[in-house]
Amino acid sequence: MKIINTAIIAKVTADGKLEIPPEVLAQLQPSTEYEVSITEDEIVLKKLLN
């Protein structure tokens with residue numbers, strides 16, 4: 001796995017929605033499912049293999 005860019009910032013809006021930057025959205029495929037792992041320090045999205 002190659003890390004492309006770690007300086008991208010996502011933001012949670014006042015109404016609780018996650019704003020994902022366009023450069024991240026461009027990497028996501030429609031209908032793809034992701035596993036979400038949450039720890040005290042991070043939230044990780046991991047693409048599920050079909």
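What radius of gyration does the protein have, and what would a compact globule of 50 residues have? In this predicted model, the protein has a radius of gyration of 12 Å, whereas a compact globule of 50 residues would have one near 10 Å. The C-alpha trace spans about 35 × 25 × 25 Å along its principal axes. Of the 50 residues in the protein, 4% are buried.

The secondary structure may be considered next. The protein contains one helix and four strands. When the chain is read along its sequence, these elements follow the pattern β-β-α-β-β.

The description now follows the chain, beginning with strand β1. K11 has its place in this strand. With a relative accessible area of 51%, K11 counts as exposed, because exposed means over 50% relative accessible area. K11 and P21 lie 10 residues apart along the chain, and 8.7 Å separates their C-alpha atoms.

The loop between β1 (residues 11–12) and β2 (residues 18–19) holds T13. The relative accessibility of T13 is 19%, and T13 is therefore counted as buried, since the limit for a buried residue is under 20%. The side chain of T13 also takes part in a polar contact of 2.3 Å with the side chain of D15.

The helix, α1, includes V24. This residue has a relative accessibility of 28%, so V24 is classed as partly exposed; that class lies between the buried residues, under 20%, and the exposed residues, over 50%. V24 and E35 are separated by 11 residues in sequence, and the distance between their C-alpha atoms is 16 Å.

Beyond the helix, L28 is located in the loop between α1 (residues 22–25) and β3 (residues 34–38). L28 has a relative accessible area of 30% and is therefore partly exposed. L28 also belongs to a nonpolar patch on the surface, together with V12, L18, I20 and L25. The accessible area of these residues together is about 410 Å².

The remaining two strands can be treated as a pair. In which sense do β3 and β4 pair, and over how many bridges? Strand β4 comprises residues 43–47, and its pairing with β3 is antiparallel, with five bridges. The two strands form a hairpin, in which four residues lie between β3 and β4. Particular residues can be followed across this pairing. I38 has I43 in β4 as its bridge partner, and V36 stands opposite L45 in β4.

Why does β4 lie largely in the open? The strand has five residues and the number of them that are buried is zero, so β4 lies largely in the open.

Taken as a whole, the model may be read as follows. The protein has one helix and four strands, and β3 and β4 form a hairpin. Buried residues account for 4% of the 50 residues, and T13 is counted as buried at 19% relative accessibility. The radius of gyration is 12 Å, compared with a value near 10 Å for a compact globule of 50 residues.

Terms used: Residues numbered from 1 in each chain as written. Predicted model: local features only at pLDDT ≥ 70, side-chain atom pairs only at ≥ 80, totals over all residues. Heavy atoms only, no water. Buried < 20%, exposed > 50% of the residue type's maximum accessible area, 1.4 Å probe, protein only. Polar contact = N/O pair within 3.5 Å; in protein donor to acceptor, adjacent residues only side chain to side chain. Patch = residues over 30% accessible without salt bridge, like charges linked within 9 Å, V, L, I, M, F, W, Y side chains within 5 Å. Areas by Shrake-Rupley, 256 points an atom, 1.4 Å probe, with all protein chains shown as cover. Salt bridge = Lys/Arg side-chain N within 4 Å of Asp/Glu carboxyl O. Pairing = 2+ DSSP bridges. Rg over C-alpha atoms; globule rule 2.2 N^0.38 Å.
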